[in-house]
Amino acid sequence: MMPFLREVTVGMRLIVTGAVLISLGACGDSISVDTGGSDAEAPTTRPDFGGVRNASCDDTGRSMPGAPPVGESRDGLVCRISIPSPVNPQDDVVFQVFEPVTLTGGEFYPLVLEGHGFSSSRQTDDGGAGVPGLSSPIGALRDAGYGIISIDQAGHGETGGTIRIMDPDQEGRMLVAILDWLEVNLDWYAVGPDLAAGSDNMVLGAIGPSYGGGYQHVLHAVDAKQRLDALVPQITWHDLTYSLNPGGVIKALWASILFGIGNTAGGGGNFDPFVTDTFVGGLAANRIAPLGQDLLRYHGPGYFCDGVPVATNGGADTAPGFEPVLPGPVHVLYFQGMRDTLFNFTEAQRNFECYRNLGGDVRLLSYQAGHNSLQVVPDPVALVTQPDGVLDFDCGAINADVATIAWFDEYLKGIPGAANAVLGAEPVCLSLSPGDAVRAEDVTVGGSGFTVPETGTLAGVNRVRAIAPLYTAAADGEVLAGVPTVDLMLTADAPELLQDPDNVIVFVGTGRSRNGIWELADNQVQPLRGIGRHQIALPGIGERLSAGDQVGLLLFGLHEQYLITGGVNVADPVIAAVSITGSAAMPLLGVQP
């Protein structure tokens, strides 16, 4: 046997063991092995099935055939796999294994997990049906030499269990079980040095939008082996208490729609009763109870990023199974919709900040599409002013699907410069409208400071809009892009008439006026609940201004995105005259090309 030699360089993911050379090719190539006639042991713990000719999927759905003998090839298989759930062995966890389009014996291939959106299910073919740029590019990835694992999440498709909105103790454990199965049952996956684990393990990426972005954070946080190398989450959340209950006000329109869809499609009515009760009771009382807030907080990256524990996970007799401890570094390419009213750009900025601090290469790009694309939450301005933005999944000239493959080529195949060749060197791309974007080294939070003139509005009355102008653009091409912040004081004009000052609710958003017509920037609005001081970040925005355009705050007594929770509600109808004073900081970036 040749002497044992080993060299690892992270950039190229090059591994030499004896006379066995594992090198990474260009886009479309697998990770190939040249044995050179040596009997040196391969530097992996992959199973060795001895090669299988005329392979086919196992009818029981419990195993996969091995790769063909070295030097021989066959068409890649697409196999349905079912394994017992680690949460309840009576339930199955079901996923689809897509081998690379051609599987060659002696070559090893990176794996990519694919997760569906909420109330949907796994992909069973690689035809790429769905929204370009948002549906995961399985066919293109297979052609490029990747193996794909498409997953039915808990309570969706054929996977058992209830829908607990990406619970680390349920969905997290199921996802880890899938990785454990892959290690034992595939003999063709690539192995290389891991940024987080500090040792070799499977070369693994993950893709998916919305719910399919949420699973990526949960898996990386709970997998003790830290097997994920590169993530591409799209339009997903940082903290569900912020997503669904911002400022202590339930986002009623989205909550009603999500639970309506989830109870009839995909999930088939498989919600955990505690989750259902949290929102049904929350809508009736116009607030989510502390136990429900614990569950929402625990089920997202904000819990692990901020290090603040919660007491429960779905009821008084429960406890979270994982501590709020940061995971190891990983390379992440985030995409977020600027007009997304479910998971707004501020959530992406918080994920970007947290994961960048872990030490990996972390980028953040935005586009105009997202959870606004189907107009579930009305966005009439977008339909009138940028109808092409409804399905816009580009940040300027950068396409999400193309960028995804380039990201994996660099961080799973180890091709130097592959990511920057598509994305450029700047880590942030801010979409302003279809085809128009600006690049930056960071996301501006706050920015130019302004005093908010005293402004009055009538809480609890719809479409009564107050305007607090702050700034007038001096030149064409000025850009307003980032996360505005405000420090506002709400004062009741007649406090003696209020039974509960905490139930006074107004809504604030960044506004832009063009030719005297004011509109919400990117249709984003934030509730302020309660008389008193509010120091908060508003939803992130991206706008290109023309000379004479005004920027300010728009204040509403009610807003249609919140339906019955916006002030007048069955729990405590409140109509109150309110005065607002304070300050605002706007991310004005000056004239940008």
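## Exercises on sheets and cores

One open sheet of this predicted model has three strands in the order β29-β23-β32, with antiparallel pairing. Residues are numbered from 1 along each chain as its sequence is written. Because the model is predicted, local features need pLDDT of at least 70 and side-chain atom pairs count only at pLDDT 80 or more, while totals for chains, interfaces and linings use all residues, and side-chain values use heavy atoms, with hydrogens and water left out.

**Exercise 1.** Find which strands stand at the edges of the three-stranded sheet, and follow the pairing of β23 with β32.

*Step 1.* Strands here are DSSP runs of E with at least two residues, helices are runs of H or I with at least four residues, and both are numbered from the N terminus. Two strands pair if DSSP finds at least two bridges between them.

*Step 2.* β29 (541–544) and β32 (588–591) each have a single partner strand, so one side of each is left without a neighbour in the sheet.

*Step 3.* Strand β23 (residues 478–482) pairs with β32 in the antiparallel sense over two bridges, and L480 has L588 as its bridge partner in β32.

**Exercise 2.** Describe the order of the ten-stranded open sheet, and say which strands helix α3 touches.

*Step 1.* The order is β6-β7-β10-β9-β13-β14-β15-β16-β19-β20, with mixed pairing; the edge strands, β6 (78–84) and β20 (436–440), each pair on one side only.

*Step 2.* Helix α3 (residues 211–222) packs on this sheet and touches β9 (111–115), β10, β13 (204–209), β14 (230–234) and β15 (331–337), where contact means heavy atoms within 4.5 Å.

*Step 3.* Strand β7 (residues 92–98) pairs with strand β10 (residues 147–151) in the antiparallel sense over four bridges, and the bridge partner of F95 in β10 is I151.

**Exercise 3.** Determine how many residues the largest nonpolar core has, and which residues W181 touches.

*Step 1.* A nonpolar core is a set of buried Ala, Val, Leu, Ile, Met, Phe, Trp, Tyr and Cys residues joined through side-chain atoms within 4.5 Å, with buried meaning under 20% relative accessible area (1.4 Å probe, protein chains only).

*Step 2.* The largest such core has 89 residues, and those with the most contacts inside it include F95, V97 and W181; helix α2 (residues 168–185) gives the most to this core, with eight residues.

*Step 3.* Leaving aside residues up to four places away in sequence, W181 touches R62, S63, M64, I81, I83, F95, V97 and L186.

Key:
Buried means under 20% relative accessible area, exposed over 50%, partly exposed in between (1.4 Å probe, protein chains only). Axes are lines fitted to C-alpha atoms, for helices over the stretch in contact, and angles run from 0 to 180 degrees between N-to-C directions.
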